[in-house]
Amino acid sequence: MMNARSPYEGGFADQSIDAAKAFRACLEALARPGRIEQIAGAMPPAPLSVAAGSLLLTLCDQETPVHLAASHAGSEIADWLRFQTGAPLVPAEKAQFAIGHWEALQPLDRYRVGTPEYPDQSATLIVECPDLGGSAHKLTGPGIETAHYMNLPDLAAFQVNSALFPLGLDFYFTAGDRLAGLPRTTQVEAA
């Protein structure tokens, strides 16, 4: 029988350097929607990817409510996240960040989309994917010179989200040590 992994393991080896590199990748991913960035440093428990773990270590602290969708709600991930960041685990309706596979994160209308006075008080969803390849969907808008292409799990959901602007959700897609961002300002359509 295998022993459970300690929550003390898997954080950034060099906190300041790893966090700075990861933060830059986070910013670049949202500033250039659909472009794939490499992000590393964390070694979280499975099924959390290196990219998702690095994102959580970079963007979350004891004042950042996080929702673990059913696909990622295991005690090892919860213990690791609490120890590494201090982030409180909350239901989807109260989350600033939510992590999981696309199906487990549904329905999207559970998450905060901000208010007209405070559109920044919305949730960011970290969607774990098998890969980030593909070109089924065309992305246009701020940060994209002409167009970027990627596969999205549900075109209609992202079109509805984009129509809510300035309200709406922001997204990160993660696979292994790779990351792509999709802010609410991005327009999406079938390629």
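**Salt bridges and a cavity**

Q: How far apart, N to O, are the side chains of Asp170 and Arg184 in their salt bridge?
A: This is a predicted model, in which local features need pLDDT of at least 70 and side-chain atom pairs count only at pLDDT 80 or more, while totals for chains, interfaces and linings use all residues. Residues are numbered from 1 along each chain as its sequence is written, and side-chain values use heavy atoms, with hydrogens and water left out. A salt bridge is a side-chain nitrogen of Lys or Arg within 4 Å of a carboxyl oxygen of Asp or Glu. Asp170 and Arg184 meet in one, with an N to O distance of 2.9 Å.

Q: How many residues apart in sequence are the parts that Asp170 and Arg184 tie together?
A: Helices (H or I, at least four residues) and strands (E, at least two) are DSSP runs, numbered from the N terminus. Asp170 belongs to strand β7 (residues 170-175), and Arg184 to the loop between β8 (178-182) and β9 (187-190). The pair therefore ties together parts whose separation in sequence is 14 residues.

Q: Are Asp170 and Arg184 buried or exposed?
A: Relative accessible area (1.4 Å probe, protein chains only) decides this: under 20% is buried, over 50% is exposed, and in between is partly exposed. Asp170 and Arg184 are both buried.

Q: Which residues do salt bridges that share partners join into one network?
A: Glu28 forms a salt bridge with Arg24, with the closest N and O atoms 3.7 Å apart. Arg32 also forms one with Glu28, at 2.9 Å. The network consists of Arg24, Glu28, Arg32, Arg35 and Glu37.

Q: Where do Glu28 and Arg24 both lie?
A: Glu28 counts as buried at 15% relative accessibility, whereas Arg24 is exposed at 56%. The two are four residues apart, about one turn of the helix. Both lie in helix α1 (residues 15-31).

Q: How much space lies in the largest cavity?
A: On a 1 Å grid over the protein atoms alone, a cavity is a set of points where a 1.4 Å probe fits but cannot get out. Grid points are joined across faces, edges and corners, and a volume is the space filled by probe spheres set on the points. The structure holds one cavity of 30 Å³ or more. The space in the largest cavity is about 40 Å³.

Q: Which helix gives the most to the lining of the largest cavity?
A: Lining residues have an atom within 4 Å of a point. Among them are Phe158, Phe171 and Arg184. With three residues, the element that gives the most is helix α5 (residues 155-163).

Methods:
On a 1 Å grid over the protein atoms alone, a cavity is a set of points where a 1.4 Å probe fits but cannot get out, and a pocket is an open set with protein on both sides within 12 Å along at least five of seven lines; lining residues have an atom within 4 Å of a point.
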